[in-house]
Amino acid sequence: MEPLLWCVKYRPRSWDDFVGQDRAINQLRGLAASKTLTNMIFYGPVGTGKSAAAEVFARELLGASYDSNYMMLNIRDVWDTPASKAKRSVQDLAKIERGKRSRLDEYMSVIYREAKAARSARGRSGEPTRTQLVQEAIRFFASTATVSDFSVKLLVLDDADALTFSLQQALRRTMEMYSDICRFLLITPSLAGWSPAILSRCNIVRFPGASEDDVSSLVEGIAKRESVKVDEGGIRAIAKESNGDMRKAINLLQVAAAASPVVNEDAVYENSETLLASTVRKIVSSSIAGDYDSARKNLRRLLALEGYSPQEICLEIERDIVKRPLEPRLMEQILDRIAEIDFRMTQGKNAFIHLTALLASIRAMTAS
Ligand SMILES: Nc1ncnc2c1ncn2[C@@H]1O[C@H](COP(=O)(O)OP(=O)(O)OP(=O)(O)O)[C@@H](O)[C@H]1O
Ligand SMILES: [Mg+2]
């Protein structure tokens, strides 16, 4: 059996399990206790407890009607379900092993038929498009009447930033049309790109990145329950490296604990760097030192052999640069240049050329 990930094992199951996020949690606890359900948006960076809080909120608020009146749709997963997969009938799915089909597969099978019927009602033949499938996936749950005591349903749309502009428009209409029977809870990393019409219909709850103190206390708590030895330097290193992402902090603890009997600063750093991060660090260092051959070789390796995208590499260069003790004025210049290259890569054909130009600029700017 695969060892259980601690971030799954210690996923908050009640309000008291959350560390930090006091404002959001108090607000939600109050709403759930008074059975107040409005449309909502949870926003904030990765690993801050948005999805876990939505789950606890739904359970507390809906009580016994949770099973029938709650649904969580991950918009990216729905979007990634092509018509050819959604097409499978419930009978087809029943033939697949239990572990290999998900609730989403079953739901999408129903949605495919609904979307197809809606198409032919409009006189169109052929497969429903992805957009139509996503739209129908949202509409279908919202539109079906409920049969339990708590008469309002809750539809959580996780990764809702994956909704395109036209899907946002459709969502707004669905919200309006079924406002008496269904409320929506949208989860997104930021409010940028959201239609004001949707924002104005929602109660907005912010989940800021976790503070280093909160990360430390979460990590200490888990270390104790897992009987892991961790010293102060180790905790501090995890708090720093995780950048306010609780999931990452827990993963760092688990990986370091597996590799070393005591989780200290060295154990954390030795086990925290990804191949991308350590190679990019080498690339930037050799560029600054003027050793282009080695920088280009490593860059090619990341792109061609390891298959990282130029955008990922560019983002990692930015992360690496901000960690370096550079003078503020110089830092500004380099960051500005990174933004320019990031844009150029979306316009140009050969990203390698733009990335090497970036390395040359870094060399020139740091040398002067
Ligand atoms: N405030 C918190 N208190 C305790 N644990 C937390 C908290 N926030 C996150 N975690 C841990 O991190 C894991 C991920 O949390 P969750 O899935 O809710 O994050 P998220 O904000 O939805 O992130 P993403 O944007 O990546 O989906 C949880 O399983 C839990 O272990
Ligand atoms: Mg989430």
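**Close-ups of a pocket and a helix pair**

**View 1. The largest pocket is lined by 27 residues.** Of these, Glu241, Asn243, Lys248, Arg319 and Lys323 lie nearest its centre. Keep in mind as you look around that this is a predicted model. The volume of the largest pocket comes out at about 890 Å³.

**View 2. Which elements help to line the largest pocket?** Helix 13 (232-242), helix 15 (265-272), helix 16 and helix 18 are the elements that each give two or more residues to the lining. Helix 18 gives the most, with seven residues.

**View 3. What classes of residue line the largest pocket?** Sort the lining by class and you get 13 charged residues, eight nonpolar ones and six polar ones.

**View 4. Here helix 16 packs against helix 18.** Helix 16 covers residues 275-288, while helix 18 covers residues 310-323. Their axes are 9 Å apart and make an angle of about 70 degrees. Angles of 65 to 115 degrees count as roughly perpendicular, so helix 16 is roughly perpendicular to helix 18. As for handedness, helix 16 passes helix 18 in a right-handed crossing.

**View 5. Now zoom in on the residues that make the contact between helix 16 and helix 18.** From helix 16 come Leu276, Ala277, Val280, Arg281 and Val284. Helix 18 answers with Glu312, Ile313, Glu316, Ile317, Asp320 and Ile321. How do the residues of this contact divide into nonpolar, polar and charged? Seven are nonpolar and four are charged, with no polar residues in the contact of helix 16 with helix 18.

Terms used. Residues are numbered from 1 along each chain as its sequence is written. Chains are lettered from A and ligands numbered from 1 in the order in which they are written. This is a predicted model: local features need pLDDT of at least 70, side-chain atom pairs count only at pLDDT 80 or more; totals for chains, interfaces and linings use all residues. Side-chain values use heavy atoms; hydrogens and water are left out. Axes are lines fitted to C-alpha atoms, for helices over the stretch in contact, and angles run from 0 to 180 degrees between N-to-C directions. Helices (H or I, at least four residues) and strands (E, at least two) are DSSP runs, numbered from the N terminus. Angles under 35 degrees count as roughly parallel, over 145 as roughly antiparallel, 65 to 115 as roughly perpendicular and the rest as oblique. A crossing is left-handed if the near helix is turned anticlockwise from the far one by less than a right angle, and right-handed if clockwise. Contact means heavy atoms within 4.5 Å. Ala, Val, Leu, Ile, Met, Phe, Trp, Tyr, Cys and Pro count as nonpolar, Asp, Glu, Lys and Arg as charged, and the others, Gly among them, as polar. On a 1 Å grid over the protein atoms alone, a cavity is a set of points where a 1.4 Å probe fits but cannot get out, and a pocket is an open set with protein on both sides within 12 Å along at least five of seven lines; lining residues have an atom within 4 Å of a point. Grid points are joined across faces, edges and corners, and a volume is the space filled by probe spheres set on the points.
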